[in-house]
Amino acid sequence: MMGRVEIAHGVNLDTLGRRDPAVYGALTLPELEVRVRGYATELGLHPTFSQTNHEGEYCELLHRAAETADGLLLNPGAWTHYSWAIRDALEVAALPAVEVHISAVDEREEWRRRSVIRELCVGRVQGRGVEGYRDALAMLREAFER
Ligand code: DQA
């Protein structure tokens, strides 16, 4: 089977729904996953989902990702901005990846503008809420077709 996508949420994304809804929307993570599963299915992709608040676990997930996925959709939360360990683990994964952020990280605090995974990703979506996941999945599908 081709088109298997691991959708990996990182630190604090399990608190969606309680975090400032003006920034992150009102959906909980399980609700967001239902929506994203729908987008993926429409695009003919096969999603699996994970979330952890532990950086090492996120790295280990990336180490193993190629065994079960053809591509990655990553929202590592705040780790995006500084975790060189996750950046290196993504290099080990050696899969096409798209970076996605619910909020407009480029228009918020200065420190959110940096992404240490950006150069390893085939695309990046930010500030489009849950809809952004559809765009990110479409980018990944394009990468599969290349
Ligand atoms: C986030 C943006 C990050 O800056 C923040 O730390 C998050 C969520 C987003 O999806 O908008 O936890 O990745």
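The following is an exchange about how some labels on this predicted model are justified.

Biologist: Why is Ala94 called exposed?
Modeller: The relative accessible area of Ala94 is 62%. Exposed means over 50%, so Ala94 is exposed.

Biologist: Where does Ala94 lie, and what is its phi?
Modeller: Ala94 lies in the loop between H4 and S4. Its phi is positive, about 50°, although Ala94 is not a glycine.

Biologist: Why does Asn12 count as partly exposed?
Modeller: Buried needs under 20% and exposed needs over 50%. Asn12 has 36% relative accessibility, so it counts as partly exposed. The residue belongs to the loop between S1 and helix H1 (21-24), and its phi is near 75°, a positive value in a residue other than glycine.

Biologist: What makes Ala78 partly exposed?
Modeller: The limits are again 20% and 50%. Ala78 has 27% relative accessibility, so partly exposed is the label. Ala78 is in the loop between strand S3 (71-75) and helix H4 (84-93). Its C-alpha is 8.0 Å from that of Gly10, although the two are 68 residues apart in sequence.

Biologist: How do you know that the span of helix H2 agrees with its number of residues?
Modeller: H2 covers residues 29-42, which is 14 residues. The expected span is 1.5 Å times one less than the number of residues, so H2 should span 20 Å, and its end C-alpha atoms are indeed 20 Å apart.

Biologist: Which residues of H2 are buried, and how do you know that they line one face?
Modeller: Leu29, Leu32, Glu33, Val36, Tyr39 and Ala40 are the buried ones. Seen down the axis of H2, they fall within an arc of 120°, so they line one face of the helix. An α-helix has 3.6 residues a turn, so residues three or four places apart point the same way. On the other side of H2, Pro30, Val34, Thr41 and Glu42 are exposed.

Biologist: What do the buried residues of H2 pack against?
Modeller: They pack against strand S1 (4-9), strand S2 (46-51) and helix H5 (131-145). Just after H2 comes Gly44, with a positive phi of about 75°.

Biologist: How do you know that the buried residues of H4 line one face?
Modeller: The buried residues of H4 are Ile86, Arg87, Ala89, Leu90 and Ala93. Down the axis of H4 they fall within an arc of 165°, so one face is lined by them. Helix H3 (55-68), S3 and S4 are included in what covers them.

Biologist: Which residues have the most contacts inside the largest nonpolar core?
Modeller: Val5, Leu32, Val36, Leu73, Tyr133 and Leu137, in a core of 24 residues. S1, H2, strand S4 (97-101) and H5 each supply at least two residues of this core. A second, separate core has 20 residues, including Leu72, Ala93, Val116 and Cys121.

Biologist: What makes Arg19 a charge over the ring of Tyr24?
Modeller: CZ of Arg has to be within 6 Å of the ring centre and within 35 degrees of the ring normal. The charged end of Arg19 is 4.2 Å from the centre of the Tyr24 ring and sits over that ring.

Biologist: Which residues is Ala104 in contact with, leaving aside neighbours within four places in sequence?
Modeller: Gln126 and Gly127. Contact requires heavy atoms within 4.5 Å. The C-alpha atoms of Ala104 and Gln126 are separated by 5.2 Å, with their places 22 residues apart along the chain.

Notes
Residues numbered from 1 in each chain as written. Predicted model: local features only at pLDDT ≥ 70, side-chain atom pairs only at ≥ 80, totals over all residues. Heavy atoms only, no water. Helix = DSSP H or I, 4+ residues; strand = E, 2+ residues; numbered from the N terminus. Buried < 20%, exposed > 50% of the residue type's maximum accessible area, 1.4 Å probe, protein only. Arc of directions from axis to C-beta. Core = buried A, V, L, I, M, F, W, Y, C linked by side-chain atoms within 4.5 Å.
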